[in-house]
Amino acid sequence: MKLNDLSDNPGASKNRMRVGRGIGSGKGKTCGRGVKGQKARTGVAVKGFEGGQMPLHRRLPKRGFYNPFSTDYNEVNLGRIQQAVEAGKLDVSAPVNVEALIAAGVVSKPRDGVKLLGNGKLEAKLAFEVAAASKSAVAAIESAGGSIKLLTAAEPASA
């Protein structure tokens with residue numbers, strides 16, 4: 001086989017239809033668009049139009065609210081952190097912050113910080129530097145002998 005022998009399978013490609021080239025072509029004059037009206041023109045935009053009746057997307061009530069200032073935390077349970085400590089991915093002597101959790105593979109991206117939740121059992125004595133924590137998480141950390149420092153929005157996580 002040579003390069004000049006290569007070709008598509010039969011029926012794989014089709015010639016382009018040339019419209020507006022006379023009545024003998026089968027697609028002359030109106031080019032298969034019918035006659036007159038908005039849809040016969042180019043640039044038609046009638047996606048939600050219902051002939052003057054109020055369209056469905058305007059008849060239905062609006063629902064919900066999007067808060068552009070909401071915070072999106074990485075929620076991490078204490079049991080997951082204990083697993084990372086036991087696997088040797090988290091250093092017990094270093095403070096546990098967003099960068100340490102990303103390096104350990106506990107969270108994938110920083111988002112707006114980390115919020116600790118109290119699900120699971122924490123046995124390691126750790127120093128946390130996180131954006132938020134639940135009351136049960138704070139109680140579990142302090143009962144394990146660790147400490148927790150909550151970062152404010154003005155204070156960057158890396159400082």
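This report walks through a predicted model, starting with its sheet and ending with a few backbone oddities.

## The sheet

Let's begin with the strands. Three of them make an open sheet in the order E1-E2-E4, and the pairing is parallel. Strand E1 (74-77) and strand E4 (132-133) sit at the edges, each pairing on one side only.

The E1 side of the sheet is held by four bridges from E1 to E2, with the two strands running parallel. Over on the other side, strand E2 (residues 114-117) is joined to E4 by two bridges, and that pair runs parallel too. Leu116 is a handy landmark here: Val76 has Leu116 as its bridge partner in E2, and Leu116 also stands opposite Ala133 in E4. If you want to trace a path across the sheet, you can go from Val76 to Leu116 and on from Leu116 to Ala133.

Which residues of E1 point to the buried face? Asn74 and Val76 do, and both are buried, while Glu75 and Asn77 point to the other face and are not buried. That fits the usual pattern: in a regular strand the side chains alternate between the two faces of the sheet.

## Helix H2 and its cover

Now for the helix that follows. Helix H2 (residues 78-86) lies across E1 and E2, and its direction makes an angle of about 70° with E1. Quite a list of H2 residues is buried: Leu78, Gly79, Ile81, Gln82, Ala84 and Val85. Note that Gln82 and Gly79 are in that list alongside Leu78, Ile81 and Val85.

What covers the buried residues of H2? The cover includes E1 and E2, along with H3, strand E3 (127-130) and helix H4 (135-143). Just past the end of H2, Gly88 takes a positive phi of about 80°.

## Salt bridges

How many salt bridges does a search of the whole structure find? The answer is two. Here they are side by side, with the N to O distance for each.

| Pair | N to O distance |
|---|---|
| Arg59 and Glu50 | 3.2 Å |
| Arg111 and Asp72 | 3.2 Å |

The Arg111 and Asp72 side chains meet in a salt bridge. This pair links distant parts of the chain, with Arg111 in the loop between helix H3 (98-104) and E2, Asp72 in the loop between H1 and E1, and their positions 39 residues apart. Arg111 is partly exposed at a relative accessible area of 42%, and Asp72 is partly exposed, also with a value of 42%.

As for the other pair, Arg59 counts as partly exposed at 42% relative accessibility. Its partner Glu50 has a relative accessible area of 30%, so Glu50 is partly exposed as well.

## Around Asp112

The loop between H3 and E2 also holds Asp112. Buried or exposed? Neither, as it turns out: Asp112 has a relative accessible area of 42% and is therefore partly exposed. Setting aside neighbours within four places in sequence, Asp112 is in contact with Ser70, Thr71, Asp72, Tyr73 and Ala131. One of those contacts, Asp72, is the salt-bridge partner of Arg111. Lys149 is another story: the C-alpha atoms of Asp112 and Lys149 are separated by 16 Å, and the two residues are 37 residues apart along the chain.

## Backbone oddities and a surface patch

Two residues that are not glycine deserve a look for their phi values. Arg111 turns up again here, with a positive phi near 50°; this is the residue in the loop between H3 and E2. Lys29 has a positive phi of about 50° although it is not a glycine. Lys29 lies in the segment before H1, and at 75% relative accessibility Lys29 counts as exposed.

That segment before helix H1 (56-59) also contains Leu3. Leu3 joins Met1 and Leu6 in making a nonpolar surface patch of about 450 Å². Why does Leu3 count as exposed? Its relative accessible area is 75%, and exposed means over 50%.

Notes. Residues are numbered from 1 along each chain as its sequence is written. Side-chain values use heavy atoms; hydrogens and water are left out. Two strands pair if DSSP finds at least two bridges between them. Contact means heavy atoms within 4.5 Å. Axes are lines fitted to C-alpha atoms, for helices over the stretch in contact, and angles run from 0 to 180 degrees between N-to-C directions. Buried means under 20% relative accessible area, exposed over 50%, partly exposed in between (1.4 Å probe, protein chains only). Patches are made of residues with over 30% relative accessible area and no salt bridge: like charges are joined within 9 Å, nonpolar side chains (Val, Leu, Ile, Met, Phe, Trp, Tyr) within 5 Å. Accessible areas come from the Shrake-Rupley method with a 1.4 Å probe; for residues, only the protein chains shown count as cover. A salt bridge is a side-chain nitrogen of Lys or Arg within 4 Å of a carboxyl oxygen of Asp or Glu.
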